[in-house]
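Trainee: I'd like a close look at one part of this model, with the packing spelled out. Pick whichever piece you like and take me through it.

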Amino acid sequence: MGDEADVRARASRVQQLLMQKKFVEAVAVSLENPPVNALDEATRTANAQTVFSALLACSKSDIARTVQELSPELEDNLMKYVYKGLSIPQNNSVFLEWHGQLATKAGSGCIIRAMTDRKGV
């Protein structure tokens with residue numbers, strides 16, 4: 001499948017999980033295999049919106065539980081999306097909560113990798 005098809009399939013799967021209130025799984029699925037090599041900015045934006053919908057659906061207790069369940073690779077992807085989300089004025093408090101929980105678990109290495117990785121989300 002191409003990047004665009006992968007993003008559409010991922011968005012559909014995330015929405016199903018959110019409707020079932022499976023927030024941990026929805027966040028994990030949204031973070032898997034981001035389209036970092038996609039040439040089309042619309043594909044990257046669509047994937048970011050999928051991630052943001054999963055992150056914004058979580059309550060504070062869901063955030064802490066979700067962060068604890070993530071693998072190191074997904075932690076790095078999440079940090080990249082958190083920084084991308086912080087660039088949007090709305091919902092900064094939610095993204096700051098994700099950042100705090102993630103930085104506590106993953107440490108400063110996760111922050112450094114997210115800021116220096118050339119493969120942006």
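Mentor: Here's a walk around one helix and its partners, followed by the wider setting.

A word on the ground rules: this is a predicted model, where local features need pLDDT of at least 70, side-chain atom pairs count only at pLDDT 80 or more, and totals for chains, interfaces and linings use all residues. Residues are numbered from 1 along each chain as its sequence is written, and side-chain values use heavy atoms, with hydrogens and water left out.

Our helix is α3, residues 41-56. It belongs to a protein with seven helices and zero strands (DSSP runs numbered from the N terminus: H or I of at least four residues for helices, E of at least two for strands). Start with its packing on α6, residues 92-106: the two axes come within 10 Å and cross at roughly 85°. Axes here are lines fitted to C-alpha atoms, for helices over the stretch in contact, and angles run from 0 to 180 degrees between N-to-C directions. That makes α3 and α6 roughly perpendicular (65 to 115 degrees; under 35 is roughly parallel, over 145 roughly antiparallel, the rest oblique). F52, L55 and L56 of α3 meet V94, F95 and W98 of α6, where contact means heavy atoms within 4.5 Å. That set is six nonpolar residues, with no polar and no charged ones. The classes go like this: Ala, Val, Leu, Ile, Met, Phe, Trp, Tyr, Cys and Pro are nonpolar, Asp, Glu, Lys and Arg are charged, and the others, Gly among them, are polar.

Now the packing on α5: the α3 and α5 axes sit 10 Å apart at an angle of about 95°, so this pair too is roughly perpendicular. From α3 come E41, N47, A48, V51, F52 and L55, facing L78, Y81, K84 and G85 in α5. This contact is mixed in class, with six nonpolar, two polar and two charged residues. F52 and L55 appear in the contact with α6 and also in the one with α5.

There's a link between those two partners as well. V82 lies in α5 and, leaving aside neighbours within four places in sequence, touches F95, W98 and H99. With 0% relative accessibility, V82 counts as buried (under 20% relative accessible area; exposed is over 50%, partly exposed in between, with a 1.4 Å probe and protein chains only).

Next, α3 also serves as cover. Eight of the nine residues of α2 (23-31) are buried, so that helix is largely enclosed by the rest of the structure. Among the buried ones are F23, V24 and L31, and the cover includes α1, α3, α4, α5 and α6. Just after α2, N33 takes a positive phi of about 50°.

Stepping back, 41% of the 121 residues count as buried. Among contacts between residues at least 6 apart in sequence, 70% join residues at least 24 apart. The C-alpha trace spans about 35 × 35 × 30 Å along its principal axes.
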